[in-house]
Amino acid sequence: MNTIPTVSTFRVLKHRKAILKNPLPFHHTNFEKLGDTFKVKIGPSGTIVFTRSPEFIKQILQKKHKKYHKSTLQTKDLAKYIGKGLLTSNGEHWRTHRRMVQPAFHKKKLEGLLGIMSKAIRKELQHIVSGVPKDVYPLMGDLAFQVVAQSLFSRDDIQDEIAELKKITDTNQLMLIREMRQPYLNWWFNLSGAIDRHLGYSREARQLLNTIIEERIASDEEKDDLLDILLKARYEDGTPMSRNQLIDEVLILFTAGHETTANALGFTLFLLAKNEDKQQKAFENIARVDLQGDDYLEQLKAFSYIKQCVEEGMRLYPPAYYIDRVSIETDEFEEHTIPENTMLLLAVYELHRDPSFWDSPDAFRPERFDPKNKKDFSNYYYPFGAGPRMCVGNNFAMYEMILTIAHVLRKYRLSTPMKDIEINPLISLKPAEVNIHFALREPTVS
């Protein structure tokens, strides 16, 4: 790795306060100065390789994916709070459970969930307040969490439990961010009891989920929701998932299934509010569609421009702005040797805004994703990752976001007093706030 340009430990420490708040500008400066791949020295022996090279990213995620695993950031640090599910496992454990969970997110299965999804979206959007600018991000967080909860459990009588699950999920994420960005304080987090306290919250969440699962089994009721599918999933020998494993997978769905979607919705709504011409085009895309009908699949097919808006929103603000991997054996890329046990961070945010691949990369142009004229972006567009570990819920998330934006724009005209949006990079890329003014539209004839 001696051929890879290096950012010194001294420089990291010099900028530690800015990095803690938002590491993206610091790393952008490094990319512009040092090129598409560089390494950061962390202490006397620690090294992290950063890359925005599309060829290197494709090699890591696809061509030579077997040489790379998810890092301990997820398999250890995150896993201690949400268990060993798809997001936080490697190797045979991951492969086995990916095969079990994958059928739950097959397009045919998702079609059966669209009614549940649409109902949850409409219910949450009733909380929109028109007339004054309001931070819409908390609403999008609640909406995304409710969509996951209803798709899993199909129950309206567990709102208190769902609210508690969301509170625990959000609280533990903030703790994990502190651990990741302030590793030099881990001794204090342990000594002060902060980590034990948050692990206690995780145990509370697991008990809540276990009670809900027990009630479903005792009811002997089939609802054909995600929980039913997971309860019916079987290993090759015909045995079901253990209760602990089932709870791990459900916790993963809550954690990964609501945060990233809420973030993408917040950013996309801001972009539409900021670009009136794109918003009008999106409204015209849905104006003649009957949103009260129950042919949800046809609705989704009709919302082609809404889909382009979501895709462009995730280009500019990818929820998974960095993808972490660790090499499990030595690899080669160009003139660089990547030793075993090297930590790598794949800079999706940088790649999505690289002018080498995108015309006017900072502009909101949904038209670039029009099937009639869009290029093959697969080598430098990774909103859901790529390769065997591509997000299992990508279609679920897209359906949810398209339906949400369609329902919002059908009823409201959006504007914003914000000149720009401040980002808050946590585990996923989050907007600090999204102040939107919702003005009721005149009723239209479907």
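These are my notebook entries on strands, core, surface and salt bridges in a predicted model.

**Entry 1: strand β9**

I started with strand β9, which spans residues 343-347 and has five of its five residues buried. I checked which way the side chains point. Met-343, Leu-345 and Ala-347 face one way, Leu-344 and Leu-346 face the other, and all are buried. In a regular strand, side chains alternate between the two faces of the sheet.

Next I looked up the pairing. Strand β3 (residues 46-51) runs parallel to β9 and is joined to it by four bridges. Ile-48 has Met-343 as its bridge partner in β9. Strand β6 (residues 322-327) runs antiparallel to β9, with five bridges between them. Here I noted Ile-323, whose partner in β9 is Leu-346.

**Entry 2: a three-strand sheet**

I then traced an open sheet of three strands, in the order β5-β13-β10, with antiparallel pairing. Its edge strands are β5 (134-135) and β10 (412-415), each pairing on one side only. Between β10 and β13 (residues 435-440) I found four bridges in the antiparallel sense. Tyr-412 is opposite Leu-440 of β13.

**Entry 3: the core**

Which residues touch the most other members of the largest nonpolar core? They are Phe-153 and Phe-254, in a core of 139 residues. Helix α13 (residues 243-274) gives this core its largest share, 16 residues.

I listed the contacts of Phe-153, leaving out neighbours within four places in sequence. Among them are Ile-158, Ile-162, Leu-209, Ile-212, Val-250 and Phe-254. The list also includes charged residues, namely Arg-216, Lys-223 and Asp-225.

**Entry 4: a surface patch**

On the surface I noted a nonpolar patch of about 410 Å², made by Trp-187, Trp-188 and Leu-191. Trp-188 sits in helix α10 (residues 186-191). I recorded Trp-188 as partly exposed because its relative accessibility is 44%.

**Entry 5: salt bridges**

The structure holds 26 salt bridges. Side chains of opposite charge can pair when their charged atoms come close. I looked at three pairs and one network.

Asp-331 and Lys-64 form a salt bridge, with 3.2 Å between the closest N and O atoms. Asp-331 belongs to strand β7 (residues 331-333) and Lys-64 to the loop between α4 (54-63) and β4 (68-69), so the pair links distant parts of the chain, 267 residues apart. Asp-331 is buried at a relative accessible area of 1%, whereas Lys-64 is partly exposed at 31%.

Asp-331 came up again when I checked His-336. His-336 lies in strand β8 (residues 336-338) and is buried, with a relative accessible area of 6%. Beyond residues up to four places away in sequence, His-336 touches Thr-3, Ile-4 and Asp-331.

Lys-80 pairs with Glu-179, the closest N and O atoms being 2.7 Å apart. Lys-80 is in helix α5 (residues 72-82) and Glu-179 in helix α9 (residues 159-181), so this salt bridge ties together parts 99 residues apart in sequence. I found Lys-80 partly exposed at 29% and Glu-179 buried at 9%.

How far apart in helix α16 are Glu-311 and Lys-307? They are four residues apart, which means a separation of about one helical turn. Their salt bridge has its closest N and O atoms 2.8 Å apart. Glu-311 is buried, at 10% relative accessible area, while Lys-307 is partly exposed at 36%.

Last, I noted a network of salt bridges that links Glu-32, Asp-36, Arg-52 and Glu-350.

Terms used. Residues are numbered from 1 along each chain as its sequence is written. This is a predicted model: local features need pLDDT of at least 70, side-chain atom pairs count only at pLDDT 80 or more; totals for chains, interfaces and linings use all residues. Side-chain values use heavy atoms; hydrogens and water are left out. Buried means under 20% relative accessible area, exposed over 50%, partly exposed in between (1.4 Å probe, protein chains only). Helices (H or I, at least four residues) and strands (E, at least two) are DSSP runs, numbered from the N terminus. Two strands pair if DSSP finds at least two bridges between them. Patches are made of residues with over 30% relative accessible area and no salt bridge: like charges are joined within 9 Å, nonpolar side chains (Val, Leu, Ile, Met, Phe, Trp, Tyr) within 5 Å. Accessible areas come from the Shrake-Rupley method with a 1.4 Å probe; for residues, only the protein chains shown count as cover. A salt bridge is a side-chain nitrogen of Lys or Arg within 4 Å of a carboxyl oxygen of Asp or Glu. Contact means heavy atoms within 4.5 Å. A nonpolar core is a set of buried Ala, Val, Leu, Ile, Met, Phe, Trp, Tyr and Cys residues joined through side-chain atoms within 4.5 Å.
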